[in-house]
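Please look over the structure shown here before reading the report that follows. The report takes up metal sites and one helix in turn.

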Amino acid sequence: MSNDSSNQISIIIEVFLLRFALIDNKLVPEPLLVKSTPTKPITQHDVIPQPPQNPSYSFNHDLQDLLKGKQLLLDDIPNSIQEIQAHYENGYLLLRKGITFRKNKPKCERCGNEAPSWFAVFPCSRCRESCIYCRKCIMMGRVSSCTLLYSWIENEHIDAQPFESPLLSWTGTLSPGQQTASAQVVEAIQGNKEYLVWAVCGAGKTEVLFEGIHYALLQGKRVCIATPRTDVVLELTPRLQAVFPTIQVASLYGGSEDRHKNAQLTITTTHQLLRFYHAFDTMILDEVDAFPYSVEEALQHAVKQARKTTSSMIYLTATPNSQWQKECRLGKRDFVTIPARYHRHPLPVPHFVWCGNWHKSLKQDRLPRNVMQWLQERIESGKQALFFIPKIDLIPKILPILKQLHPNIEAVHAEDPQRKEKVQAMRSKELLILVTTTILERGVTFPNLDVAILGSEDRIFTESALVQIAGRVGRSVQFPSGDITFFHFGKTEAMIKARNQIIAMNKEALEKGLIDVE
Amino acid sequence: MLSEHCLFCHGEMGARVSWACFFEEAEESFLCPSCEAQLTEIQGETCQICCRPLEKLDPQYICGDLCYDCVRWEEDPEWKGHLQKNASLYLYNNFLKELISQYKFRGDYILAKAFSRKINEKLRRIEYDYIVPIPLSAERQFERGFNQSEALIREVGLSPAYLLQRTHSEKQSKKSRTERIHIPQVFELRAESEIKDKKILLIDDIYTTGSTLRHAAKILMQAGAKSVMSFTLARG
Ligand SMILES: [Zn+2]
Ligand SMILES: [Zn+2]
Ligand SMILES: [Zn+2]
Ligand SMILES: [Zn+2]
């Protein structure tokens, strides 16, 4: 076929175009131009002029609520483009380019992505140019080179409204270890400092935040707790709402309703943090150790964008990475430890047991003898156990072997649709042993439990993962101890570091009188 | 160009890719083997008009080599004979549903490449004068920044012919976003003189009820087209 005639009829479809003209040092989008003026896509405007604020302009309060402390896309704003433009021209909106270029290399200003493999190009009908877009954060709406990020320009003086009466409604008591940490957190928030709380699994780190958050809220400050996991957001929201009953709490995760709520206390997944811009006076980042090293840079970007220029930053972790541990040792990072659990018993220390080439045993549909023996002992005594394995594809190999030992054994992994049901079956003691990938390394607790890892030498078991896994054991006051065994085919540095970390915490707790000698 | 990462799951493509570079006829691939394996090509007996697989269809909904839906369309004098034939590439399974939604609703344009090779293979077997994407409303086009059917055509290296457009009313920008969304959608012709005696191939991403394609076919046939066929990526 010939393309000649089809070219003649390839007329570009008329939509309202995102190209801008510069008029009186203000950007005006093409559809709002009164007379025809040459326009350029936003990438070709070197700077975005920022008109001064007109104090007598009667701005739209809904728009303020929507955009305060946020960085949203045009698509997220329900108002007409006339109204949006009027707010910009009167100095109430901050406009920033979604994609910036340094030495011709794109950077996504929303998520911080700079990796070339996470960008793609398309012929864009919004700006009529070839548009580069970020694939990394595309789930939150596409940011391309013609995209603007919209924020509200806040007048700080009117903003903060201090409270006088107490807002905290909590009657619990803090352990001595928690008390020390709590006082330090308050001080850090008062002084807008950066502070690390290094609390062992089961220390009760959430309670440590209450006083500090209370102080911030009384000052009329906006507080954010960010965590990598939706489960944690869901768990923390009702807890904090109960502690601060009169405060508006926003709960944000993928698919949540509270998205645009302009609350004093925001509990969010770190992913949703990308919608915020210069929003929080106090930022609390939970489970810093849960982030793989590769994600850390993106996370730092999100946190930095979401904090106000003057703000405090509290990190919570059970096991900081080695860089942070080093900074703590060298006095370069302010931190406090809570080395003991609330119930004053020491942390169970992992045993290392060599189990030979277990891959080879599996090929012959067997597990190493000492592993089988460990499992057999739990079955005989009826004590529940978690059995960690390094890879999801081992499940079809391992589960049938274990099922021959006992019927009440199941396996679970991240994409398992029955994940919740299986964890529940473990809670109700219908299951005796649950085989799991690292997804159960944190969060879930079962009262009376032993834990084993098969192949703890695998690189998925990092120091922090191993400390977390060991932290599953001995959580309740009734059953404060339990067995934790790392079956390995060659000790790794991560294993040794994890064990040393646990031993060091126990030693410190003993010295500080935070545990009772048995 | 061969990519190092799977366009969908972003997993590494592995050694397979670098090895493939040595062979000239190496197929370019944009999805990793495990994503690729989740796409199901339509095979076996299908309805001669709409390409619906007859295999899994209850026999009471089959009449000869047509599905019952098509029989009903063809019995109606208003619709009879407008859409000559539809061809579809993949079954619209859960995986493809996710892929297409990432592609068109999230606007992840580059995913069009994942289908190019297979689409090209299919289109080569169809004879046509114009290849016409099902147009989007101005609002949708703005929202997505591209027309997903047009992108499928462009990514196989063909030039789309814009014979159709959605009818639209007053100036879009005057309305708020909510207002903009609710506009009735009908097609109109935009290059009527070009259509007479031409074989038209319509392109859409998904064939579900067939109603969109039949509406487009009807107006083209009424303008004197010789025939209208269609091709879709997925058959729902
Ligand atoms: Zn991004
Ligand atoms: Zn663009
Ligand atoms: Zn893939
Ligand atoms: Zn049919």
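Is B:C32 buried or exposed? In this predicted model, B:C32 is buried, because its relative accessible area is 6%, a value under the 20% that defines the buried class.

## The zinc site of chain B

The zinc ion (ligand 3) is coordinated through the SG atoms of B:C6, B:C9, B:C32 and B:C35, at 2.2 to 2.3 Å. Among these donors, B:C6 lies in the segment before α1 (15-20) of chain B and B:C32 in the loop between α1 and α2 (33-36), so that the pair, 26 residues apart, links distant parts of the chain. B:C6 is also buried, with a relative accessible area of 0%.

The four donor atoms subtend angles of 105 to 114° around the zinc ion (ligand 3), and the arrangement is therefore tetrahedral. For comparison, the ideal angle for four tetrahedral donors is 109.5 degrees.

## The zinc site of chain A

The zinc ion (ligand 1) has as its protein donors the SG atoms of A:C108, A:C111, A:C134 and A:C137, which lie 2.3 Å from it, and their spacing along the chain is C-x2-C-x22-C-x2-C. Angles of 104 to 113° between the four donor atoms make this arrangement tetrahedral, and both A:C134 and A:C137 are buried.

## Helix α6 of chain A

Helix α6 (residues 210-218) of chain A is largely enclosed by the rest of the structure, because seven of its nine residues are buried; among them are A:F210, A:I213, A:H214 and A:L217. The cover over the buried residues of α6(A) includes the helices α5 (176-190) and α7 (230-243) of chain A, together with β10 (223-227), β12 (265-269) and β13 (280-285). Just after α6(A), A:G220 adopts a positive phi of about 80°.

Key:
Residues are numbered from 1 along each chain as its sequence is written. Chains are lettered from A and ligands numbered from 1 in the order in which they are written. This is a predicted model: local features need pLDDT of at least 70, side-chain atom pairs count only at pLDDT 80 or more; totals for chains, interfaces and linings use all residues. Side-chain values use heavy atoms; hydrogens and water are left out. Buried means under 20% relative accessible area, exposed over 50%, partly exposed in between (1.4 Å probe, protein chains only). Helices (H or I, at least four residues) and strands (E, at least two) are DSSP runs, numbered from the N terminus. Contact means heavy atoms within 4.5 Å. Donors are N, O and S atoms within 2.8 Å of the metal (3.2 Å for Na, K and Ca); water is not among the atoms, so sites may look incomplete. Four donors count as tetrahedral if all angles lie between 85 and 135 degrees; four count as square planar and six as octahedral if opposite donors are over 155 degrees apart and all others between 65 and 115; anything else is irregular.
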